[in-house]
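Me: Could you take a close look at one part of this model for me, the helix that comes last in the chain? Once that's done, carry on into whatever sits before it.

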Amino acid sequence: MKLIKQFIAVSTLAFTAFAVAAPAEAPDVLVKRISNDVINTAKTDKDIQAGNINKVTALVDAKILPYVDFQRMTALAAGRYWRDATPEQKTALSNEFRQLLIHTYSGALSQIKNETVEFKPLRADPADTEVEVKSVVNVQRGEPIQLNYRLSKGDSGWKIFDINVLGAWLVETYRGTFSTEISKGGIDGLIKKLADRNKELANKPLKAPGK
């Protein structure tokens with residue numbers, strides 16, 4: 001269940017080039033398409049189910065990363081500290097945060113079995129440039145899990161910049177962690193903390209032997 005929650009916490013995620021969404025594609029249609037595409041691929045690809053990190057990473061790169069605004073996500077998570085960071089620090093922090101979410105997502109992605117996603121009707125005005133897309137994830141065991149997305153519309157189309165799982169927004173969750181680490185060692189300290197964690201996760205198999 002923990003890995004499933006991690007999956008949906010960064011589903012359609014995770015933070016450099018962005019693909020351009022089809023101009024006529026509504027935000028809820030976009031999220032639904034990405035979710036279904038990723039879940040269906042994960043279910044049917046034996047290499048992904050076996051925990052093949054290269055196949056999982058390739059799926060994340062192709063199907064998820066183009067539709068996430070990692071810079072805005074990182075800026076929101078860093079809060080007031082973001083404006084004091086240098087351009088180099090902003091780039092490094094965004095890259096490490098992006099990599100952390102990829103590792104988390106990859107581990108959960110290999111665990112997908114029979115999950116399905118149901119989307120609720122979008123309540124938004126056609127002129128809105130920020131919307132919230134609401135859905136629930138049906139898991140094999142347990143109650144359906146709330147999963148909502150915040151998207152903003154830019155020159156290249158709609159992009160996800162925050163995700164809510166069970167009432168907790170991803171950005172808000174990381175903001176506390178980021179603030180604590182920055183207070184200890186500044187922006188560079190946070191960057192190092194994330195880099196160390198990413199190295200640790202890179203050397204950890206997606207699945208335990210025999211699973």
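Reply: Helix H7 covers residues 170-202, and its end C-alpha atoms are only 22 Å apart. A straight helix of 33 residues would span 48 Å at 1.5 Å a residue (the expected span is 1.5 Å times one less than the number of residues). What you see in H7 is a kink of about 120 degrees, centred on Gly185; the bend at a residue is the angle between axes fitted to the seven residues ending there and the seven starting there.

Before going on, keep in mind that this is a predicted model, where local features need pLDDT of at least 70, side-chain atom pairs count only at pLDDT 80 or more, and totals for chains, interfaces and linings use all residues. Residues are numbered from 1 along each chain as its sequence is written, and side-chain values use heavy atoms, with hydrogens and water left out.

Where does H7 fit in? The chain has 7 helices and 5 strands, in the order α-α-α-α-α-α-β-β-β-β-β-α. Helices here are DSSP runs of H or I with at least four residues, strands are runs of E with at least two, and both are numbered from the N terminus.

For contrast with H7, try helix H2 (residues 27-44): its 18 residues reach 26 Å from first C-alpha to last, close to the 26 Å expected at 1.5 Å a residue. Buried positions in H2 include Pro27, Leu30, Val31, Ile34 and Val38. Buried means under 20% relative accessible area, exposed means over 50%, and partly exposed is in between (1.4 Å probe, protein chains only). Looking down the axis of H2, the buried residues sit within an arc of 145 degrees, so they line one face of the helix; that arc is taken from the directions from the helix axis to the C-beta atoms. Over the whole chain, buried residues make up 46% of the 211 residues.

Now back to the strands. They build an open sheet of 5 strands in the order S1-S2-S3-S4-S5, with antiparallel pairing. Strands S1 (116-119) and S5 (168-169) are at the edges with a single partner each, so one side of each has no neighbour in the sheet. Two strands count as paired if DSSP finds at least two bridges between them.

Walk across from S1. It is joined to S2 (residues 130-138) by 4 bridges, and Thr116 has Asn138 as its bridge partner in S2. S2 and S3 are joined by 8 bridges, with Val137 partnered by Ile145 in S3. These two strands make a hairpin with 6 residues in between, and Gly142 in the turn has a positive phi of about 100 degrees.

S3 and S4 pair over 8 bridges too: Leu147 stands opposite Val165, and Tyr149 has Ile163 as its bridge partner. Just 2 residues lie between S3 and S4 in their hairpin. S4 is mostly covered, with 9 of its 9 residues buried.

The last step, from S4 to S5, has 2 bridges, and Asn164 stands opposite Trp169 in S5. That hairpin has 2 residues between its strands, with Leu166 in the turn at a positive phi of about 55 degrees.

What lies across the sheet? Helix H5 (residues 70-78) lies across S2, S3 (145-154) and S4 (157-165), running at about 40 degrees to S4. Axes are lines fitted to C-alpha atoms, for helices over the stretch in contact, and angles run from 0 to 180 degrees between N-to-C directions.

Two residues are worth a click. Ser94 sits in helix H6 (residues 87-109) and is buried, with a relative accessible area of 10%. Neighbours within four places in sequence aside, Ser94 is in contact with Gln71, Thr74 and Trp82, where contact means heavy atoms within 4.5 Å. Asn114 is in the loop between H6 and S1, and its 47% relative accessibility makes it partly exposed. If you skip residues up to four places away in sequence, Asn114 touches Lys43, Asn138 and Gln140. The C-alpha atoms of Asn114 and Val139 are separated by 6.9 Å, although the two are 25 residues apart along the chain.
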